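User: Could you take a close look at the backbone here, and then set what you find against the rest of the fold? Where should I be looking, and what surrounds those places?

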Amino acid sequence: MPYSAEDLETRLRLVVKELKEFPTEETLMEVPYWSELLQNIISTFGSLEAAYQRIGKGVIKEHYVPFPSEEQIEATTQILEKPRILIRDEAGSGKTAPVIHAIYALEQLVESGRINTLYVGPTYVISSVEAKLRAYATEPRSYITITSSNRRATIQQLEQGIRDGILDTALVTYDAIFRPLPTSDIDTIARNETEPNGRELADEQLVDRLVGIFSSGKAPFLLIGDEIHHIANPGSRRSQAFRKLALSSDRFIAMTGTPFPDSLDDIYELMSLIDNEDYPTADDARKAYQDNPKLIRMFLHRFGKNPVVRLTDIEGMPKLNGPQFNWFDFSELELDIHNTFLNYREFNSTERFVLLRLTDTDSRLVLPENYAGSYAMRQKLADFFAIHQGLREKILAAESTKYKKLDELVDACIARGEKIVIFSKYREGITEALESRYARYGALRIDGSVDADPHGKRFSDRDIKRLTFQTNPDAKVMIITDALREGQDLHTANNLAFLHMDLSPGRNDQLIGRLWRRGQTRDVNVFVLGTAGTPDYGVYLTDSGKRDGIMLVDYGVELTQNLKSVLERDTPLDRQPFLGVYLQNSHTVVRNMSGFMIGRGPQSNRAFLDFGENARLYAMNYNHQWVYSYSAHTARLIKLLVNEIESEGSSLERIIDLGSGPATVSRVLHKPTYCVDMNKYQIEFGRKECQKLGFDIETQVGYTENLEGIASQQFDLAVLSLALHYGNTEKGDRKKTLLEAHRVIKPNGYLVLTLPANIVQGDGVKMLEEGLDKLGFDVIRMRTGQVFAPDSEDYQVYVAVCRRREANNNPELYNNTQYNDLFALNPEFGYSEKPKKRNGGCNGPAINPYRREILDRFKFVNSGHELQGDNSQLPAPAAPAESVKPSSKPVSIIDLLRSTLGNPKNGK
């Protein structure tokens, strides 16, 4: 396209600043966008040199922040002082420049006046290091670059060049050092070739040749390990190969902005490489740290460059705004799809984690024909869809809420005249789709499909994409995966959107460091798009927990068990303290969360629900297939009792549902009640369901122990279903709830109380009914006691139907301990601060999903009284549930729940 002369000058300046040199025509021809510029430059100015004269030679010396800075000069000094050093300045702070300057300073100190340098780093940063060698070097370095694709030819050139003094520097990728050197010009995929007689030809590894080349010469061997966290796993071939280099080097500089980005294991191998005398292996470092929590702090102080430079320490750096978390709700259709995947027991925790993250992004990604994973997983998905008839149609009808939120964010950034980078943890079906979605903004994409190897050229395909984004004002959106992270500069954008956060804080920080770094001139905005109540939030909590743990390790403080667990590399996903609960099936979550709250009282339970996403998570799972749940069965029993009472002449027009959950009674009665619950998400679910039935409900988010704002004697019926046992006995919570029920019921009005059958047992039944009498209720015997469902194998519930006596409420009972002990419910269990036994539901046998049965026939055990509903009004039962394999080792999540809040006591 044609450009004006002024526009051409502006665009050319961007290219020169990016390369920190005046590129030749040959260089410009390697990047399609630059080639187009070159053609316009020649046609407009006559030549490239004429264009350079117009923009001026001074443009190459322009720096956004002081260079070299005082911090970089200090880093160079410390490198000279410490033969083995770890530079862990923050990502984007400019670690490479002082290292390159130190090479020349070291050459002034050695007798030969020469240092042979081996730089090892990730494939995708090699071209960046080449550019920095040219930009930062006092004198040009004679270097050669070795990659997996050219290693046979270049290693021979390096060997000859070092011997002849022609070469002094080699750049090599981590992926190349452990590769065997092929025996011919044709490289092989296999690690070893085999002769016809079956005898293996063991090829020499590249690392062995490098050790021989750099250790045999007279010049000292300087090893630079960039992004050194890439060798964190001592069992990997990459780490084992790098160990050979590190232990044979005379000087070793390790660089990383994240020395332990994800777990404590990440730093043990590094400690062994730098201080091999004290820690011969990574396991020795691990054992030493376990004995002394101050060990890592001491190591970092001794071998690290101090102080660590943060970007906020650098004068002239813009601000970092965020991360700003944008949590949003699913559409109802998306929630249904999410819950269907969550509750399929054939998926293991890792599969469920990946599938849920994909589903919550765009549910079409998990259709068998679209899924990009293994064949076995695609087959499992095919079986899954065969069982769940109608799910495919729901997926095809669902629109991605996350993409809608991303659209809003992208449009807002473009409207401000700013660029944005979008990160996705997953590639297939996402990155190309987003590139097409934002094509109108000149979107570019860098993922694993874009080659990082230059194959003998100056720029790889990945470099070309990045350089185009950096220098083309028309390219406003960049979509990236893990393929573009450390060492890569995207500072022309000042907005970063995480479509998915990583479980690793270090990797998240490295991504931010692509934008928030030296050279950035504007404040950087970081956004995280996440669906509430899903693994998105669990990943956020895990990131936060790991950051807390890493900070304490840096301070030398001993970690709590939860933080130790979250910083262990091998902790399974469903055992992660902050993530596991988001991977459990709905029935398990509800049962265990309920079990955790029993007997703790309103203040403690409110604190538990208010932590993170607990309240939302509980409500989302409670409402999954609610029609088949214990709660729904009990609500239908209450409906039959209400109908029976009304058939005897009592009018029950005004009903209050205490501890209503998702408006359970209203949804079954098909008429409005006044709903009170402490969980606002339960109330909201109930409101939406009632609106679908054609009516609105009155609601109050609050405590049943104190019905603030509700006048006395307003209701014909109070329902207290499956809620009383959450109150604390010793504090009188249960008594206060019943006193409040008595207060708001009209004289001669009714109370229907239900409790899980295992909660009220033995002497607790007699004590409860005595307590009801003491508080002013007459128990109706025919309709009180244990109830079972003849059509079910295991449904049982305790019911008490009572009538309020004419006597007024007794206000002094609220604040004394009289009658408190009558509401212990099951004396064999303690529901106080110090329980005699566990309250149940926390451990034990594996929890099965709800049976897909809809109960509507019940019988009282003692009185024999029977209730029968009208089956024609019930919803049609769903298709049979999938067959499940019971877990041989059931997983309890109660410890995971405790980890999010601890053990709440005294309301704290």
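**A close look at the backbone**

Analyst: Let's start with Pro307, which sits in the loop between helix 14 (295-303) and strand 9 (320-328). Keep in mind that this is a predicted model, and that goes for everything below. The peptide bond leading from Asn306 into Pro307 is cis, with omega near -5°. Follow the chain out of that loop and you get to strand 9, where Pro323 lies. Here too there's a cis bond, from Gly322 to Pro323, with omega near 5°. So the loop holds Pro307, while Pro323 is in the strand that ends that loop. For background, most peptide bonds are trans, and most residues other than glycine have a negative phi.

That second point takes us to two spots later in the chain. Leu722 has phi near 55°, a positive value in a residue that isn't glycine. You'll find Leu722 in the loop between strand 18 (715-721) and helix 31 (733-744). Is Leu722 buried or exposed? Its relative accessibility is 15%, so Leu722 counts as buried, even though its place is in a loop.

Asn748 has a positive phi as well, near 70°, and again the residue is not glycine. Unlike Leu722 in its loop, Asn748 is part of a strand, namely strand 19 (residues 745-756). Asn748 comes out as partly exposed because its relative accessibility is 36%.

Now for the surroundings. The protein as a whole has 33 helices and 24 strands, and its C-alpha trace spans about 105 × 65 × 65 Å along the principal axes. Of its 908 residues, 57% are buried. Among contacts with a separation of 6 or more, 77% join residues that are 24 or more positions apart. As for the outside, about 37,400 Å² is exposed, with carbon and sulfur atoms supplying 48% of that area.

What about the inside? In soluble globular proteins, nonpolar side chains tend to be buried together. In this model, the largest nonpolar core has 113 residues, and Leu158, Leu210 and Phe242 have the most contacts inside it. Leu210 is a handy one to click on: leaving out residues up to four places away in sequence, it touches Leu118, Ile146, Ile155, Leu158, Val172, Ile177 and Leu245. Apart from that core lies another one, with 72 residues, including Leu355, Val410, Ile422 and Leu573.

Helix 23 (residues 535-555) is worth a stop too, as Tyr555 is in it and so is Thr542. Which way do these two go, buried or exposed? Thr542 is at 0% relative accessibility, so it counts as buried. Beyond its neighbours within four places in sequence, Thr542 is in contact with Leu503, Val566, Gln576, Phe578 and Leu579. Tyr555, on the other hand, counts as exposed because its relative accessibility is 53%. Together with Met551 and Val557, Tyr555 forms a nonpolar patch on the surface, and the three have about 290 Å² of accessible area between them.

So, back to your request: on the backbone I'd look at the cis bonds into Pro307 and Pro323, then at the positive phi values of Leu722 and Asn748.

Key:
Residues numbered from 1 in each chain as written. Predicted model: local features only at pLDDT ≥ 70, side-chain atom pairs only at ≥ 80, totals over all residues. Heavy atoms only, no water. Core = buried A, V, L, I, M, F, W, Y, C linked by side-chain atoms within 4.5 Å. Buried < 20%, exposed > 50% of the residue type's maximum accessible area, 1.4 Å probe, protein only. Contact = heavy atoms within 4.5 Å. Patch = residues over 30% accessible without salt bridge, like charges linked within 9 Å, V, L, I, M, F, W, Y side chains within 5 Å. Areas by Shrake-Rupley, 256 points an atom, 1.4 Å probe, with all protein chains shown as cover. Salt bridge = Lys/Arg side-chain N within 4 Å of Asp/Glu carboxyl O. Helix = DSSP H or I, 4+ residues; strand = E, 2+ residues; numbered from the N terminus.
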